[in-house]
Amino acid sequence: MSSDIFARNIPRLWWALLALVATLLPIAVGQAAPAASEYDVKAAFLFQFSRFVEWPPESFASANAPLTICIIGRNPFGSTLHEISQGESVQTHALEVRVHEQLGDLDGCHIVFVSHSAGPPASQVLAYLAGKRVLTVGDGADFTQLGGVIGFVNVDGKVRLQVNRNSAETAQLRISAKLLRVAEQVS
Amino acid sequence: MKGTQFNRAAPESDFACHASSWIVALLLYLYAGTASAELSSRALKALTLEELTNLEVTSVSRKEESVFKAAAAITVVTNEDIRRSGATSVPEALRFVPEIHVARRDSSSWAVSSRGFSSINSEKLLVLSDTRSIYTPLYSGVFWSVQDYLLQDVDRIEVIRGPGAALWGSNAVNGVINISTRRAQDTQGLYSEALLGSEERSAGVRFGGTTAGEVSYRFFGKHSDRDSSATPSSITQDDWRMSHAGFRADWEASTADAWTVQGDAYYGNVGQLSPSIAVGGRPGPTGDLEAEVSGGNVLARWRRTLDATSDIQVRAYYDRTHRDDQSFRDDLDTFDVDLQHRFAPASNQELIWGVAYRLTYNQNIGKGIFAVSPNESTDSLISAFVQDQISLSEPLQLTLGTKFEHNDFSGFEYQPNVRLSWELSPRHLLWSAIARAVRVPTRLERDIDIDVNPGANPMYRLEGNEDFESEELQAYEGGYRWQAADKFALDLTAFYNRYKGLASLEIGDPYIAADGRTVIPIINENLNKGRSTGAGLTATLVPLRAWRLIANYSYIDMNIERGGVDLNNNRFIAEATPRHQFGLRSLLDISDRWQLDAQWRHHAAIRLVADRISAYSELDVRAAWRATPAMEISVVGQNLLHDEHPEFGSPRTRGEIERSVYLKFAYGI
């Protein structure tokens, strides 16, 4: 049968050829384009926010108190946010990442990321944090409309930022011009 | 590998001969891997704000959220799950989904079933690939061997256990398997893999790019070659080869419009241990049995986002399959168009409705004893569905839906369901559902035409039955999900199913043929009925950030009663699914570069009418090394606990699954 010939005689050549093509192609074509998962990028943003936002000194219990990034609801970052923040500090404040379910646990948080899933709705979180010195971050264009400080919006497969400066002022946060430059400002 | 002593030695010596060329290949690989396709956390935090805003991202979390809240028994097998399982085919990737029974009958065929009724046909399970049905209407089932994907580009496999007919339509009786490939945006750049193993070898390449007009695309190709299983009692062999190539393009024409066009084609030779069709008392085809298979499809989809809560989608495809073996030659052409619209009629409601039309043209030319009559058949299917998801209160969601369809086999069908989910807290969810679903008659059940003892008087004739109706399911199911922080998660489901009008082979009313002989027809009737109860459990424990343990357990108790003679012992299908199945997976990240994964499974004994297959346990182990950020080298040992073991089929038709090992290079991961 023709397939027998194929199976028993051709493989040697066939496989050697395929292996050669599969191995040589990477060299020929060169570098693959980098891509990252959506929440890896968002985790990196959260880390950067700790550097480009200034909190009033009263928001820290002491000079050595940690700068706390909290997630309310389910953690969409996997281990990425923990890994990025590990061993990092902003001035004298070590970064700390916590995951919470209850609004009452958010006291002492400097950044609160409001997860889409398995948590109180964003409006409730924002109402609870109103007047507190907290950088609120969430997903979607409506997050800043609801009074959140920074919103992540997906545009053309990229993560873009929206900043509500009124909310930032109310929370007594100073947002660096570098961060404002890459963000869309909404009110 | 081959059955006889002589043949068994051959591939191994082949393997040894090739070792030297593969060492050269390995060295080339080590040189090649310099590019970075995935960013480590170290790289991520080094990115500036500008760089972050310009980075292309892939979206992976949205589905997880919907899975937690879904009022259905749903499990998502992700791309990473597939890779870390070491699976090299879709059925193998489904082995650790609770309530799913995967049993490999021989090298190229699998019995994949959900909630019972295990058989090679898997007729009560609907399988879709990027929304295209890959379920054959000839005899209801999936030829798994031709679904030979480049698994790296499979985004996920959604497995819904229980009826999904209200959304997906007929034959989604006991489950739906939805294979989704990645968007072209997410498969940019070069990926290549080569796999060299004691039982199989394969190589695959994909290249993805983006045109100036912002159209993302990819092209891919794969060839695989699998050895025969262990067949001590058979002279035939089931080794097989498959070649597969295709493309996908995604284009976001505007912020509101998204287009997808994709297509692929395959060709293969599949060795068979026994003929596709065997009739008791009639000699079947002999000699080296082999099916020549080929097929292809093109699919286009357009989606327009109307506003935040509404969109409209139109999808059409054409699919062609060809199969030629010693029992028949079968050609099937399918054209399918589907429209659906989602909107919010009120602030607490989301409504989806849709209409679809499918036209199939089948030509089946029997060889030897086998025939269907008529040879050619054109059949159409018209369907409409509507589903309304209503938030009764913040934690309480009610889903009402139904599908109506008209098909040329059983006429009008309705398949409604009611689902309720109750979010006790953000981490606890209870759900329940009641549904009706049907399995429509197949072409064989309607049109088969075989003389069992030609020339004799009276003559028995296996005949199609125009009056054969759909098999019906009334299903009751419920579940509980618990996500305890990030360390522990639990997913528990239970079901009670009642089946009416299950197929059984019966003796019809005798008649006098034109030549004066008496013909006793043997026909399919809907005389069996049955019930099943069962449960599925998945528990995920994360003792360390780098270590995940996933346990699953499935229980099924099934009983089918005959209402007639049940000549072909269809009632015994109740015993073809193991009553108990256990699985345990351990996924360990030893370091950034090393992964060590193991998976162990146990299946209770099953019985296929007269043939018993003993309980067995098996173990797979995978070690992977990230040689460079873009390149992974892995070694996988499969079925390590036995030299060979049977999983399904009678001693005459089955091949035993052998212990195997493979080495895989993947670049561009």
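Residues 1-38 of chain B keep a pLDDT under 50, and the model gives this stretch 64 contacts beyond four places in sequence. The structure is a predicted model. A second stretch of chain B, residues 58-65, also stays under 50 in pLDDT, with 14 contacts beyond four places in sequence. Chain B as a whole has a mean pLDDT of 87, and 91% of its residues reach 70 or more.

Chain A averages a pLDDT of 80, with 79% of the residues at 70 or above. Its residues 1-10 stay under 50 and have seven contacts beyond four places in sequence. Residues 26-34 of chain A are likewise below 50 in pLDDT; 19 contacts beyond near neighbours in sequence are present there. For the model, the scores are ipTM 0.74 and pTM 0.75.

Chain A contains eight helices and eleven strands. Of its 187 residues, 44% are buried. Among contacts in chain A with a separation of 6 or more, 58% join residues 24 or more positions apart.

An open sheet in chain A is built from eight strands, in the order E4-E5-E3-E6-E7-E8-E9-E11, with mixed pairing. Strands E4 (89-90) and E11 (183-186) of chain A lie at the edges; each has a single partner strand, so one side of each lacks a neighbour in the sheet. Within the sheet, strand E7 (residues 135-139) of chain A runs parallel to strand E8 (residues 150-155) of chain A, and three bridges join them. One bridge pairs Asp139(A) with Phe152(A) in E8(A). Helix H5 (residues 122-129) of chain A packs on this sheet. H5 touches strand E3 (67-72), strand E6 (111-114) and E7 of chain A. The direction of H5 makes about 160° with that of E6(A).

Helix H3 of chain A covers residues 38-52. At 1.5 Å a residue, its 15 residues should span 21 Å; the end C-alpha atoms are 21 Å apart, so the expected and modelled spans agree. H3(A) is mostly covered, with twelve of its 15 residues buried. The buried residues include Glu38(A), Tyr39(A), Asp40(A), Val41(A) and Lys42(A). Phe45(A), Leu46(A), Phe47(A) and Phe49(A) are also among them.

In chain B, five strands form an open sheet of mixed pairing, ordered E2-E7-E8-E5-E6. The edge strands are E2 and E6 (132-133) of chain B, and each pairs on one side only. Strand E7 (residues 154-161) of chain B is mostly covered: six of its eight residues are buried. E7(B) pairs with strand E2 (residues 73-78) of chain B in the antiparallel sense, over six bridges. Here Val77(B) stands opposite Ile157(B) in E7(B). E7(B) also runs antiparallel to strand E8 (residues 175-181) of chain B, and seven bridges join the two. Ile160(B) faces Val176(B) in E8(B) across this pairing. Arg161(B) has Gly175(B) as its bridge partner in E8(B).

The largest nonpolar core has 79 residues. Those with the most contacts inside it are Leu94(B), Val112(B), Ile157(B), Val159(B) and Ala437(B). Strand E21 (residues 428-439) of chain B supplies the largest share of this core, six residues. Apart from this core lies another, of 49 residues; Val41(A), Val134(A), Leu161(A) and Leu44(B) are among them. Val41(A) is also one of the buried residues of H3(A).

Ala437(B) touches Pro163(B), Ala165(B), Ala172(B), Val173(B), Gln415(B), Leu473(B) and Ala475(B), not counting residues up to four places away in sequence. Val440(B) is found in the loop between E21 and helix H8 (443-447) of chain B. Val440(B) is buried, because 25 other C-beta atoms lie within 10 Å, and 20 or more suffice for burial. Leaving out residues up to four places away in sequence, Val440(B) touches Ser170(B), Asn171(B), Asn407(B), Phe409(B), Ser410(B) and Ser470(B). Val440(B) and Ala346(B) are 94 residues apart in sequence, and their C-alpha atoms are 36 Å apart in space.

Technical notes:
Residues are numbered from 1 along each chain as its sequence is written. Chains are lettered from A and ligands numbered from 1 in the order in which they are written. This is a predicted model: local features need pLDDT of at least 70, side-chain atom pairs count only at pLDDT 80 or more; totals for chains, interfaces and linings use all residues. Helices (H or I, at least four residues) and strands (E, at least two) are DSSP runs, numbered from the N terminus. The expected span of a helix is 1.5 Å times one less than its number of residues. Two residues are in contact if their C-beta atoms, placed from the backbone, lie within 7 Å. Two strands pair if DSSP finds at least two bridges between them. A nonpolar core is a set of buried Ala, Val, Leu, Ile, Met, Phe, Trp, Tyr and Cys residues joined through C-beta atoms within 7 Å. pLDDT is the predictor's confidence in each residue, from 0 to 100. Axes are lines fitted to C-alpha atoms, for helices over the stretch in contact, and angles run from 0 to 180 degrees between N-to-C directions.
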